[in-house]
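Biologist: Please take a close look at one part for me, the empty space that the protein atoms leave, and explain each term as you go.

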Amino acid sequence: MTIKEIEKQSGMVRANIRYYESEGLLAPARESNRYRDYSEEDLEVLKRIRLLRSLQFSLEEIKDLQSGRQELSEVLDRQIIKLQREKKKVEHSQEICRVMRDDGVSYQTLDAQHYLGILEQEVRPVIPEQDALPEAHTPWRRYFARSMDLLLYSVIWDVFLALVMGVNISIRSAGGKILDKIVILLVMLLVEPVLLALFGATPGKWILGLRVTDNTGERLTLEEARARTWKVCLHGMGLSIPIWSIVRMWKSYKVCVGEETQEWEYHSAVTLKDERGWRTAAYLGACIFCSVVYAVAFGVSVLPVNRGDITVAEFSENYNRYTKFYGYDSTYYLDEEGKWVRERSGYGNTIVMGGHDEPVYRFSETDGIMTGMSFSVEVQGSNDWISDYQQEMIISILAFAGAQKDNTIFSREIVKAVNTVREAPFENFDLSVYGIRITCEVAHSGYYTVPGSGILVHTEGEESRFSLSFAMKKEEE
């Protein structure tokens, strides 16, 4: 039978059973997965231990009885005498209390020396408190340790997304967030068992002084660690399913506070080494470290793939990447010559755009190196609404000015330039960023601005005119 079954039948909790096993009073068989398989004989041993400990037999006496070094009749005779002495002590204490009560003494007039005696209260627990291996019933410490581990797994995944896949980790879609949760659980299922089998702790548990062992105090095998981690995901975290995960964590908290056995800990135990103050500082430091790693990974992912003196083809590659990175429509993109093309659905070839309102990009080059880029838009007599072309300007700035060597993950010039464009729709600006002169000139009439929309709407009855000229050019050194 399993430890959960023998708990129920023996009337003992797992900590007691583990303690008696560590004392050598029982040795259950092991299944192929190394889980303990308790027999009916083991159950009978536990029941005998429970009875004898309730009768105040010592563990040494029980060991002697089990090994045959003493006979039960002899030990019973001694125990009867011992209990009779204890009974006399208790009766004596009761008599002193009666005398004190009959004397009508008060605390202020109590002559302690006169009444001094042995005052003992008979305490006969079914299982003495000392008959249990120590376990860490510290729900909040364990919660924060788990949170640290999940944060580390999350950072590992975010770094992979940012640096390998080129994903913008700051703007994840709902589907992306669901994928993140699934992958983090998979990382946990792969990494945590290895850490528990090798070190007996995860980073979060180690920092907060927690250690995971089997029921004999030894490290878990890889198979045992995998089984434990899976049950933690299922019963402790509810597989990160919204609402259900909160329910499972609350139930786990109640079990921990009640010092009961968690579903994943029938074959393992969590102990607390110490609660030294440096652990809190180390925990905060680890959180800060994870935040820095996340920020650096995001900062690196924001940098363009092509940097320094770039060609038009490299500018186009930067441009197309930023279009996807920030979630803009990627149906249309720039080819190696900087011309707009689109991919026909279901086919591998591309066709040149026709009739699209994207502006034509013009480039200047010296010896094949891109030195500038510009586009202009002119609309007259149209009743259609007009875009502010912020998307095109921002991505162009990132792809060209952001490619300059002076731009690093710690620089803020590009961010300032982008903010200037965003905060000034349909307004002129003149910027200098990393040796790149960026200008925009806008003029319009017969339109009114829709606040927050980034569009101009034709005013009925008025003649409309709109012009925009955007240019980037390397400044002479």
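Modeller: The largest cavity is lined by Tyr35, Leu220, Glu224, Ala227, Arg228, Lys231, Glu263, Trp264, Tyr266, His267 and Ser268. Here a cavity is a set of points, on a 1 Å grid over the protein atoms alone, where a 1.4 Å probe fits but cannot get out, and a lining residue has an atom within 4 Å of a point. The model is predicted, with local features needing pLDDT of at least 70 and side-chain atom pairs pLDDT 80 or more, whereas totals for chains, interfaces and linings use all residues. Residues are numbered from 1 along each chain as its sequence is written, and side-chain values use heavy atoms, without hydrogens or water.

The space in this largest cavity is about 70 Å³, a volume being the space filled by probe spheres set on the points, which are joined across faces, edges and corners. Its lining has five nonpolar, two polar and four charged residues (Ala, Val, Leu, Ile, Met, Phe, Trp, Tyr, Cys and Pro count as nonpolar, Asp, Glu, Lys and Arg as charged, the others, including Gly, as polar).

A search of the whole structure gives two cavities of 30 Å³ or more, and the second largest holds about 50 Å³ of space. Among the residues lining this second cavity are Asp388, Gln390, Met393, Phe426, Cys440 and Leu468, and the lining as a whole divides into nine nonpolar, one polar and two charged residues. Helix 14 (390-400) and strand 12 (436-445) each supply at least two of these lining residues (helices, H or I and at least four residues, and strands, E and at least two, are DSSP runs numbered from the N terminus).

Turning to the pockets, which are open sets with protein on both sides within 12 Å along at least five of seven lines, the largest has about 930 Å³ of space. It is lined by 36 residues, and those closest to its centre are Tyr143, Arg146, Leu150, Met237 and Met249. Helix 7 gives the most to this lining, with ten residues, while helix 8 (174-199), helix 10 (222-236) and helix 11 each supply at least two. By class, the lining of the largest pocket has 21 nonpolar, seven polar and eight charged residues.

The second largest pocket holds about 470 Å³ of space, and of its 23 lining residues Phe298, Val302, Tyr326, Arg412 and Val415 lie nearest its centre. Two or more residues of this lining come from each of helix 12 (278-302), helix 14 and helix 15 (413-423), and the lining divides into 15 nonpolar, six polar and two charged residues.
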